[in-house]
Amino acid sequence: MKNDLSDLATFAVVASERSFTRAAAKLGVSQSALSHTIRKLEQRLGLQLLARTTRSVAPTAAGAALLQDLSPGLEQIAHALDKARSIRRQPAGRLRIVMSRSAAVMVLLPKLAAFAEAYPDIILDVVTVTGPVDLVAGEFDAGIQLGEYIQKDMIAMPVTRDLRLTVVGSPHYFVSRRIPQKPRDLSDHRCITLRLPSGPYRWEFEQGRKSVTVNVNGPLIIDDTHLVIQAALAGAGLGLAYEDQVADYIAKGQLVRVLEDWTPPIAGFFIYYPSRRHQPAALSALVNSLRLS
């Protein structure tokens, strides 16, 4: 069928031009190759499609009928191909993007209004999840994720500077409890646990060459960092969040930061996608709008 479609399209050009010379120039092939293609097509169909003389070429009755039936379909195919190519050239269409709610709030939302103004024909279809995602299996165009969780075969561009995780609790929570001095002290505290697809997140700490991982426990396990912060503000326990997310609460005295010396910077958020080859213009526009300058 693939050969037939190509040969039928070639026949349509010759029949429309009524000249092997002009058709060969239009298609960028030699006249002999063009003649060979038409002859093979006629042999497969068992029909003469073109009447040839030394001076002219014209469709036979069978050729004219075939051309009449073919033309609408070929025009539709040409239109579909032009539309597909325009996706490569013009920043337009739908992009399926996956990220955590934290990434959406910290990375996407601050730049969304300007992006929508600059690219009104792009629709961002955003899915928020907690934890790593397989872009290809999920049929996503791109994702925003912490650098440590991105697969090595992905193209990744930074969209934030390094981040820092922070352990916080409300002043009310500490009225009757000692402030933890070391990560191991967390075993004596109620901690609000973040749930990942792989299970509860284990809190990781570093100080110099020391590295400590703690399986915290507490009254609440949830799958959203913003809910962790709200629970900490309500005095439910200690929470772990990005420093940028809780800086205002700390400044206002609504949250108390602890174990500051044990939480070094980590690689920030990146926008990532499977391949740079034939990248749609809409995805290029999003990457350029979000990437760290």
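Two strands count as paired if DSSP finds at least two bridges between them. The structure described here is a predicted model, and this report treats a hairpin, a small sheet, the largest pocket and the largest cavity.

**The hairpin of β10 and β11**

Strand β10 (203-207) and strand β11 (residues 210-214) pair in the antiparallel sense, with five bridges between them. Within this pairing, Glu204 stands opposite Thr213 in β11. The two strands form a hairpin, and two residues lie between them. Gly208, in the turn, has a positive phi of about 65°.

**The three-stranded sheet**

Strands β9, β8 and β12 make up an open sheet, in the order β9-β8-β12 and with mixed pairing. Its edge strands are β9 (199-200) and β12 (220-222), each of which pairs on one side only. Strand β8 (residues 192-196) runs parallel to β12, and three bridges join the two. Thr193 stands opposite Ile221 in β12. Helix α7 (residues 225-233) packs on this sheet and touches both β8 and β12. The direction of α7 makes about 170° with that of β8.

**The largest pocket**

The largest pocket holds about 700 Å³ of space. Its lining consists of 34 residues, and the closest to the pocket centre are Leu146, Tyr149, Leu165, Tyr201 and Tyr242. Several elements give two or more residues to this lining: α5 (101-118), β5 (142-146), β8, β10, α7 and β13 (239-242). Which element provides the largest share of the lining? That element is β10, with four residues. Strand β10 of the hairpin therefore also belongs to the pocket lining, as do β8 and α7 from the sheet region.

**The largest cavity**

The structure holds one cavity of 30 Å³ or more, and the largest cavity has a volume of about 40 Å³. The residues that line the largest cavity are Val98, Met99, Ser100, Val129, Gly131, Val133, Ile144, Gln145 and Tyr272. Strands β3 (93-99) and β5 each supply at least two residues of this lining. Strand β5 also gives two or more residues to the lining of the largest pocket.

The table sets out the volume and the lining of each space.

| Space | Volume | Nonpolar lining residues | Polar lining residues | Charged lining residues |
|---|---|---|---|---|
| Largest pocket | about 700 Å³ | 20 residues | eight residues | six residues |
| Largest cavity | about 40 Å³ | six residues | three residues | no residues |

Methods. Residues numbered from 1 in each chain as written. Predicted model: local features only at pLDDT ≥ 70, side-chain atom pairs only at ≥ 80, totals over all residues. Heavy atoms only, no water. Contact = heavy atoms within 4.5 Å. Axes fitted to C-alpha atoms, helices over the stretch in contact; angles between N-to-C directions. 1 Å grid on protein atoms, 1.4 Å probe; cavity = no way out; pocket = protein on both sides within 12 Å on 5 of 7 lines; lining within 4 Å. Points joined across faces, edges and corners; volume = space filled by probe spheres on them. Nonpolar A, V, L, I, M, F, W, Y, C, P; charged D, E, K, R; others polar.
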